[in-house]
Amino acid sequence: MAFEFKLPDVGEGVAEGELVTWHVAPGDAIEEDQVLAEVETDKALVDVPSPKTGTIRELRFEEGDVVPVGDVLVTIDVEGEEPDAEPETTDASQADAADVEAATKAAESEADATEAEGDETSATGGRVFAAPSARRLARELGVDIETVSGSGPGGRVTEMDVRASAEEAESETTTSDSDSAGETAEAASDAESTETPEESQPAGNGQTATRATQVQAADREQTLATPATRRVANEVGVDVNEVPTDVTRDGEPFVDEAAVREYAEAQQAAQAADTEALAGEQEPAAATGAEPTAEAERERREPYKGVRKTIGDQMERSKYTAPHVTHHDKVDVTGLVEAREKLKPRAEERGIKLTYMPFVMKAVVAALKEYPDLNTSLDEENDEIVYKNYYNVGVATATEAGLMVPVVDDVDRKGLLQLSSELNELVEKARDRSISLDELRGGTFSITNFGAIGGEYATPIINYPETAILGLGAIEERPWVKDGEVVPRKVMTVSLSIDHRVIDGAEAAAFTNTLMEYLEDPTLLLLE
Amino acid sequence: MVVGDVTTGTDVLVIGAGPGGYVAAIRAGQLGKDVTLVEADAFGGVCLNYGCIPSKALISATDVAHHARHAERMGIHADPAIDLTGMVNWKDSVVRRLTKGVEKLCENAGVELIEGRAEFVDEHKARIVHGGDGQGSETIEFEHAIVATGSRPIEVPGFEFDGTHVLSSRDALSLDTVPEKLVTIGAGYIGMELSTTFQKMGADVTVVEMLDDALPGYEDDVARVVRDRAEDLGIDFEFGLAASDWERTDDGMVVRAEDEDGEISEFAADKVLVAVGRQPVTDTLNLDATDIEPTENGFIETDEQCRSGVESIFAIGDVAGEPMLAHKASAEGEIAAEVIAGEPAAMDQQAIPAAVFTDPEIGTVGMTSEEAEQAGFDPIVGQFPLRASGRALSMNDTDGFVRVVADGDSEFVLGAQIVAPEASELIAEMGLAIEMGAQLEDVAATIHTHPTLSEATMEACANALGKAIHTMNR
């Protein structure tokens with residue numbers, strides 16, 4: 001056995017990572033610390049270095065797989081050791097919870113274990129295991145079957161996998177580019193601008209890759225399945241005749257291992273829900289109605305994972321934990337626009353692109369100093385409000401992978417130019433995904449500039465566990481009443497969301513007023 | 001009739017009507033192409049006329065007599081006489097029927113059949129030279145050509161084929177009497193098949209082989225079963241000898257062979273059969289008129305879609321490289337035709353099975369354990385001996401085994417080696433298993449008919465999983 005390298009804890013509290021790119025292949029010679037793979041965790045891409053010098057023996061996961069921390073990622077024939085020496089495993093993962101979780105998961109069911117095993121080996125020996133029909137389909141859809149990760153028994157590539165891969169490739173090429181950074185700033189809004197347009201399926205293929213996820217049991221007389229699938233069905237206690245499928249072979253319904261497992265899980269979930277909700281009452285008879293197979297082609301299913309899922313989890317937690325109140329106002333920023341115009345060429349001389357964001361950050365910090373309730377977090381465990389005497393401002397940034405919030409530390413201690421260059425650098429890193437986890441953490445207050453894309457007001461979601469977030473609308477020339485006369489002025493809208501548990505509406509309004517004073521007359525910042 | 005040189009046009013010109021060419025022609029016809037199939041000798045090619053089919057006919061016929069003669073244990077006492085002329089006539093009728101069938105199939109697919117030898121004029125034109133004087137020639141313009149000219153037996157210097165004393169495998173299939181003494185040069189699969197057959201017919205066969213074992217290329221334990229049986233039949237093996245020359249004697253001929261130290265051995269014989277391999281036929285094609293350059297061994301190199309380096313010209317079968325097997329040619333023929341018709345076909349099969357019709361037969365597909373290891377797998381092996389098979393016992397034919405090789409981690413079936421009666425049939429199941437990406441469990445848990453030899457493949461897979469019923473699990 002070779003040295004088994006387990007996915008280490010690549011970031012604080014990260015339980016799993018999506019394997020994005022392999023930098024090595026079986027047979028490659030590698031040096032210690034050489035990068036083996038890129039893994040996407042939480043919100044960043046992390047390089048995973050090799051702990052040993054030797055030769056890559058086997059890659060246990062494929063690109064696109066989600067790898068739990070503590071799972072064997074790769075095996076290495078260590079230089080100077082017999083390739084078939086005793087199995088040596090290292091716990092590169094100091095991770096506590098993650099490890100325990102992985103272990104429990106593994107122990108949970110033998111079935112689960114076989115599935116994981118399949119993932120590991122689908123590309124053993126550089127060979128793809130797939131039926132000729134799946135190979136032919138891959139050629140027809142222009143998919144390189146070597147790049148398809150298999151969901152069948154042992155990691156076999158099925159027709160469904162090939163179709164899914166073809167659709168993935170299609171949607172990748174059509175993903176809209178959200179880099180529409182306007183005049184106002186680099187930072188963009190958390191308005192979901194990176195959505196993938198819904199694409200219809202490639203035409204001309206009768207079968208659909210979308211499997212009905214209903215708990216409804218099918219009720220067939222006969223079902224085709226491989227012996228390995230039947231065995232799995234036995235293990236998880238599922239009758240293959242009840243597994244919903246819209247795949248057929250030779251005109252007979254065909255069920256694969258993935259479908260069996262999905263159905264088993266759905267069944268368990270449904271049973272749990274039923275017991276809770278309708279104790280004593282019989283489960284309503286399995287739906288005999290039409291399965292939504294006809295409609296399936298109108299939809300497309302994408303795995304909810306990686307950055308998308310992280311964003312989702314974070315939003316969900318914030319929105320359902322912190323009662324949000326959003327305060328809207330507008331401010332005459334003609335002075336700010338002029339100040340920036342004046343300073344911009346000076347900054348350019350030093351090679352720095354000066355945007356509005358550093359001014360806003362400075363103004364925010366000035367206002368936070370007067371209203372420290374907004375630079376807090378709520379420690380729910382200890383029932384304490386944490387007041388922060390440092391000012392780390394996160395700036396929401398739209399990237400191709402989704403929303404990221406890089407954090408500029410110690411904004412109060414930095415000048416406009418330094419803030420500008422640091423922010424530009426962080427945004428750049430977030431977009432090319434070289435940003436580190438540390439650079440995404442530790443914020444005390446966040447700003448989102450939805451106006452970069454357009455819009456007057458929005459209701460930003462707080463970057464939990466922070467307690468406030470400022471949204472910036474677009475700067476536009478508007479009619480403005482000044483000294484009893486209507487004059488055209490540069491006007492910006494602001495939307496401040498607060499966690500009402502910690503902050504009251506009055507404070508939010510007062511904070512906003514102070515902030516607006518600084519934005520209206522940026523020379524006040526000189527007093528800071 | 002003198003045709004002169006007329007020019008016609010076709011979408012697809014297929015050169016050679018063997019199992020590669022005729023299949024390519026039929027498929028191309030099915031796909032709506034205008035197809036012309038040119039054959040210089042006999043429709044069906046070597047396979048149907050002088051190879052696979054006739055040799056199997058003679059082997060089967062001979063086995064009828066052989067089994068009857070050796071069935072005392074089963075309570076049968078018989079001494080059948082072999083009338084080789086009669087047997088060859090029957091064989092010829094089988095061949096005729098099949099070649100007629102091929103012509104019919106081609107015609108039904110709209111394929112135009114032309115007799116003649118094709119040579120390239122350029123990359124879109126070929127001249128068809130008709131056999132015989134005054135038959136003229138014609139030029140065919142084609143959009144695509146598929147070269148399927150096959151292979152011919154290799155001659156050993158000093159042993160030029162003459163059809164009476166020095167026989168090629170083709171000559172050996174059309175003898176009218178059984179030679180008393182036959183020397184076979186070459187212990188490869190063709191040499192072994194024919195030697196076994198002639199020995200069973202009553203000839204006294206000596207096999208002279210340059211290497212030190214029969215059936216080089218097969219694993220030792222596989223080859224051993226066949227060699228032992230051949231020796232039991234009375235075949236003499238002379239290993240480590242290179243045939244050098246022969247001369248006629250009063251009562252036949254003497255064949256001389258030399259070992260590596262230059263020591264000469266002499267073998268008396270009536271006829272000598274030379275079966276040392278086959279070489280591709282490319283020299284008749286005038287490839288110089290194209291940009292195709294054959295490899296050192298005379299093969300036309302092709303890609304996964306059977307394309308030669310030249311856009312308009314494809315090559316399939318023996319002429320396109322090893323393994324030189326009819327079923328590989330047919331598979332490539334279909335692919336070439338589909339690619340020409342614009343389909344995304346490709347030769348991406350994981351394994352090509354092979355069979356040797358010796359006694360017992362050999363069937364192999366995919367990787368041996370050693371090959372699997374070299375490919376980076378951690379192979380596990382399951383084996384089932386024929387002596388534990390009820391069916392083998394009831395056939396009175398228990399030598400051999402079924403072995404399956406699988407990846408230890410994923411349990412995907414990677415290969416199988418079968419040496420057993422009907423191994424050529426049994427191997428098909430393992431081929432399907434490999435191609436489908438089946439795991440050992442898939443085969444082991446499939447119910448196999450009892451009592452059949454096929455149970456042995458099921459048990460071998462179960463054995464690899466440590467749960468065979470009728471043999472010791474390792």
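Two strands count as paired if DSSP finds at least two bridges between them. The model used in these exercises is predicted.

**Exercise 1. The sheet in chain A**

Task: Determine which strands form the open sheet of chain A, and in what order.

Solution:
1. The sheet has four strands, in the order E5-E4-E2-E7, and their pairing is antiparallel.
2. Strand E5 (44-49) and strand E7 (66-68) of chain A are the edge strands, since each pairs on one side only.
3. From one strand to the next, the twist averages 40 degrees.
4. Take one pair: strand E2 (residues 16-22) and strand E4 (residues 35-41) of chain A run antiparallel and are joined by four bridges.
5. As for register, Thr21(A) is opposite Glu38(A) of E4(A).

**Exercise 2. The buried face of a helix**

Task: Find which residues of helix H5 (residues 227-236) of chain A are buried, and explain how they are arranged about the axis of H5(A).

Solution:
1. A residue is buried if 20 or more other C-beta atoms lie within 10 Å of its own.
2. In H5 of chain A, Ala228(A), Thr229(A), Val232(A) and Ala233(A) are buried.
3. Viewed down the axis of H5(A), these buried residues fall within an arc of 145 degrees, so they line one face of the helix.
4. After H5(A) comes Gly237(A), with a positive phi near 70 degrees.

**Exercise 3. The contact between the chains**

Task: Describe the side of chain B that touches chain A.

Solution:
1. Chain B contributes 19 residues to the contact and chain A contributes 22 residues.
2. On the chain B side, helix H11 (423-436) and helix H12 (440-444) each supply at least two residues.
3. By type, the residues on that side of chain B are seven nonpolar, five polar and seven charged.

Conventions: Residues numbered from 1 in each chain as written. Chains lettered and ligands numbered in written order. Predicted model: local features only at pLDDT ≥ 70, side-chain atom pairs only at ≥ 80, totals over all residues. Axes fitted to C-alpha atoms, helices over the stretch in contact; angles between N-to-C directions. Contact = placed C-beta atoms within 7 Å. Nonpolar A, V, L, I, M, F, W, Y, C, P; charged D, E, K, R; others polar. Buried ≥ 20, exposed ≤ 12 C-beta atoms within 10 Å, placed from the backbone. Arc of directions from axis to C-beta.
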